[in-house]
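Reader: I would like a close look at one part of this model, taken slowly and with the contacts spelled out. Please choose a single helix and follow its packing against its neighbours.

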Amino acid sequence: MKTEDLVAQIKRKNSFLCIGLDVDLEKLPKHLLTTEDPIFSFNKAIIDATQHLAVAYKPNTAFYEAYGLKGWQSLDKTIRYLNSQYPEIFTIADAKRGDIGNTSQMYAKAFFEDMGFDSVTVAPYMGKDSVEPFLTFKDKHTILLALTSNEGAFDFQTQKVGEKEVYKKVLEISKKWKNAKNLMYVVGATKAEYLAEIRRIVPESFLLVPGVGAQGGNLQQVCHFGMTNNVGLLINSSRGIIYASNQENFAEAATSEAQKLQSQMQEILKDLK
Ligand SMILES: O=c1ccn([C@@H]2O[C@H](COP(=O)(O)O)[C@@H](O)[C@H]2O)c(=O)[nH]1
């Protein structure tokens, strides 16, 4: 998907909400467990009930890999369902990949060509040759971990190497790479106070921002420091939306939580216009 199509969708829906499909069989409503593919049944119901409020969905592959072949099949069905029924929606494989060049090439083929995701999250730790294979795919996006939402982000990402913090080096160095226009970055909502500085380095890039809801990040603060004229933000919430209820009404409960976030986003977007 082209970035301008994502921006157009954001403006049309008055939303920059990304819903995380982090499916844990132990948290699913009991009545789904007897269906042929409980994970897909759950995802389909959540997607159908929230697609008018969200511009992106982000399955975290860990939640599928944990169930082996069946899990991968559920993920595959989910992405194919999204691509066929809601092709305007931006899809993110939260897989946090990255390896030596020829291996990264295979990861990129798997997520972009075979599964047809619009984007994949990638760790920058192995450097330019580990990321560039992802960047060569036209209209596909590589979402590089810059400053993550967890406590451990302070172990390396905010530490200085020479004069500069590692996360700033990730942004400054990567934005000079070939096909850097295909880069987006992960910045945790719990790190909103860093966003003004991040915007000085990457003023236009889209940021995927996980960490609102269950992790305690603040939407207003993130938007205040991180929003661009083109919005430039995808705010992710996973558990806070998909597990709003574990009863038969789970899809309606998810709609209601998504609606709350979308309404806040609509208010914020009014001020931008
Ligand atoms: O810095 C990061 C990078 C990725 N994540 C992922 O986002 C979702 C957050 O889920 P919630 O339930 O809304 O907390 C999850 O898949 C994480 O692995 C992140 O949280 N922080």
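Author: A suitable place to begin is the pair formed by helix 2 and helix 11, whose crossing is right-handed; the model is a predicted one, and what follows should be read in that light. Helix 2 covers residues 38-50 and helix 11 covers residues 250-272, and the two pack at an angle of about 45° with their axes 9 Å apart. Since angles under 35 degrees count as roughly parallel and those from 65 to 115 as roughly perpendicular, the angle makes helix 2 oblique to helix 11. On the side of helix 2, the residues that take part are Ala45, Ile46, Ala49 and Thr50, and they meet Ala251, Glu252, Ala254, Thr255 and Ala258 in helix 11. Sorted by class, this contact has 6 nonpolar, 2 polar and 1 charged residues.

Helix 2 also packs against helix 4, here at an angle of about 25° and again with the axes 9 Å apart. Because this angle falls under 35 degrees, helix 2 counts as roughly parallel to helix 4. The crossing of helix 2 and helix 4 is right-handed, and the contact draws on Ile39, Phe40, Asn43, Lys44 and Ile47 from helix 2, which are set against Gly71, Ser74, Lys77, Thr78, Tyr81 and Leu82 from helix 4. By class, the residues of the contact between helix 2 and helix 4 divide into 5 nonpolar, 4 polar and 2 charged.

One residue of that second contact, Thr78, deserves a look of its own. Thr78 lies in helix 4, which runs over residues 68-85, and it counts as buried because 25 C-beta neighbours fall inside 10 Å, where the cut-off for a buried residue is 20 or more. Leaving aside residues up to four places away in sequence, Thr78 touches Leu21, Phe40, Asn43 and Pro59; Phe40 and Asn43 are among the helix 2 residues that make the contact with helix 4. As for Leu21, this residue is 57 residues from Thr78 along the chain, yet the C-alpha atoms of the two are separated by 9.6 Å.

To place these helices beside another feature of the model, the ligand is surrounded by 19 residues, the closest being Asn60, Thr148, Pro210, Ser238 and Arg239. Strand 10 (233-237) and helix 10 (239-242) are the elements that give two or more residues to this shell. By class, the shell around the ligand has 3 nonpolar, 13 polar and 3 charged residues.

Technical notes
Residues are numbered from 1 along each chain as its sequence is written. This is a predicted model: local features need pLDDT of at least 70, side-chain atom pairs count only at pLDDT 80 or more; totals for chains, interfaces and linings use all residues. Axes are lines fitted to C-alpha atoms, for helices over the stretch in contact, and angles run from 0 to 180 degrees between N-to-C directions. Helices (H or I, at least four residues) and strands (E, at least two) are DSSP runs, numbered from the N terminus. Angles under 35 degrees count as roughly parallel, over 145 as roughly antiparallel, 65 to 115 as roughly perpendicular and the rest as oblique. A crossing is left-handed if the near helix is turned anticlockwise from the far one by less than a right angle, and right-handed if clockwise. Two residues are in contact if their C-beta atoms, placed from the backbone, lie within 7 Å. Ala, Val, Leu, Ile, Met, Phe, Trp, Tyr, Cys and Pro count as nonpolar, Asp, Glu, Lys and Arg as charged, and the others, Gly among them, as polar. A residue is near a molecule or strand if its C-beta atom, placed from the backbone, lies within 6 Å of it. A residue is buried if 20 or more other C-beta atoms lie within 10 Å of its own, exposed if 12 or fewer, and partly exposed in between; C-beta atoms are placed from the backbone.
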